[in-house]
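Me: I've got a structure open and want to check the reasoning behind some of the labels. Can you go through them with me?

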Amino acid sequence: MFFLLFRIRKSGVLCMKFNTELLHKNFNGDPHSGATVTPIYQSNAFGYESAENLEKVFSNKAAGFAYTRISNPTIEAFERRIASIEGGIGAVACASGMAAVSFAIMNVLESGDEVIASAGLFGGTIELFRDLSAFGIKVKYVSSVTAESVREAVSENTKAVFAELIANPKLDVVDVKAVAEVCHENGIPLIVDSTTATPYLIRPIQLGADIVIHSSSKYINGSSNAISGVIIDGGNFKWNAKKHPVFKDYTKYGKFAYYAKLRNGLWRNCGPCMSPFSAFLNSVGLETLGIRMERICDNALQLAELLESTDGITVTYPALKSNEYYDLCQKQLNGKGGGILSVRAGSKERAFKLINSLKYAVITSNIGDVRTLVIHPESTIYIHSTTEEMNNAGVYDDTIRISVGIEDIDDILADFKQAIEKL
Ligand SMILES: *Cc1c(COP(=O)(O)O)cnc(C)c1O
């Protein structure tokens, strides 16, 4: 009875703002129990009362779950919520951000194809691209993904452009609208990794991006308690089997072509599904994304201003007036710069001293936590990269990456001030 009341109360449709959407858009609690959060369906298989019914599920003639590698109610609830927040037609949840990057790209490509990407990508993605060369896939790096650089680099074999919306850790910002236009003129999709931007800063699909990826291990989860990723299909790209022969059996699905190919192809067969437990944690995390990001962006800007006013330290942060992406940040990101700062301390010794003197910031290779995190990328994340690869990613021996948390800003500022005094 209670759950009937619950279901009826939520049946109206209103135009929602962002924080309301995070809680209510495309989400109605658990239809079977009225539970306000979808419970963890910690089961790998789902039973049916007849062979006929299971046959219907397998042949897509009836809705239902069969096996968790393919779908599961907890995972599906998360997929629906993130897809509707990003404005996509569907989402596919993955075991990690790297799985999301891998399958988002491999869904489009075959041997002999080329991808254009910026040199300032997340280190793991650069290593993945190196691995893909064994499968005949080439990556053409440009110093940053812009309309001009894509126009110049594009060739007959280019089948996708891949960019990080706010690159981690270089922090260059992609003009999605301008780049998407050039991609579409050339019949290729724009795939963006929006991990550091989050839907709080931007909905890339509205600006023309075709596929959006998140490492949901970061801001979407928010508390660093699960590794996972997600691929969201905007549904707007016009797939053409002449340009992308791998789509020949899927163009019949129209706007669902990419999504259908992903679900029924490599993603399903390689098995990188999200765990139901991670999906549950991500759904809970997603609900507070808006208020966390609001606080994180405010904190990050204030910390960036403090560091910028310190002699011997330089700061890269897109929302600072001195930053080359300031105008784009105002226009495209609502003036918000996200939670990551890149700082140059003057020398490796000074960088280590600053890091070691901080009392609250955790020294760790992660971003997007509620806690402030710091790392010296040169000696950690980029330890296996060449100097050129590192510098292309905006990393030098004195670089510190800071992922700003939701602590009280007075405490963060006081902590950095006392650490700076020790230099
Ligand atoms: C962390 C990260 C990834 C990889 O995600 P995992 O969940 O660690 O596999 C990909 N892209 C960006 C921008 C990231 O920050």
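Me: What makes the area between domain 1 and domain 2 count as buried?
Reply: This is a predicted model, and in it the two domains bury about 3100 Å² between them. Buried area is what two parts lose on being put together, summed over both, so that figure covers both sides. Carbon and sulfur atoms carry 59% of it. On the domain 1 side, Leu171, Tyr200 and Tyr219 lose the most area to domain 2, together 25% of what that side buries.

Me: Why is the pairing of Asp175 and Lys331 called a salt bridge?
Reply: The N to O distance between their side chains is 3.7 Å. The cut-off is 4 Å between a Lys or Arg side-chain nitrogen and an Asp or Glu carboxyl oxygen, so the pair qualifies. Across the interface of the two domains, the rule finds two salt bridges.

Me: How do you know that Ser215 makes a polar contact with the ligand?
Reply: A side-chain N or O atom of Ser215 sits 2.8 Å from a ligand oxygen. The limit is 3.5 Å, so this counts as a polar contact. Lys218 also has a side-chain N or O atom 2.8 Å from an oxygen of the ligand, and for a polar side-chain atom of Asn168 the distance is 3.0 Å. The protein buries 91% of the 380 Å² that the ligand exposes when taken alone.

Me: What makes up the shell around the ligand?
Reply: There are 13 residues around the ligand, with Gly97 and Asp193 among the closest. The shell divides into three nonpolar, seven polar and three charged residues. Gly counts as polar here, so Gly97 belongs with the polar ones.

Notes: Residues are numbered from 1 along each chain as its sequence is written. This is a predicted model: local features need pLDDT of at least 70, side-chain atom pairs count only at pLDDT 80 or more; totals for chains, interfaces and linings use all residues. Side-chain values use heavy atoms; hydrogens and water are left out. A residue is near a molecule or strand if one of its heavy atoms lies within 4 Å of it. A polar contact is a pair of N or O atoms within 3.5 Å; within protein, one must be able to donate a hydrogen and the other to accept it, and residues adjacent in sequence count only if both atoms are side-chain atoms. Accessible areas come from the Shrake-Rupley method with a 1.4 Å probe; for residues, only the protein chains shown count as cover. Buried area is the accessible area (1.4 Å probe) that two parts lose on being put together, summed over both.
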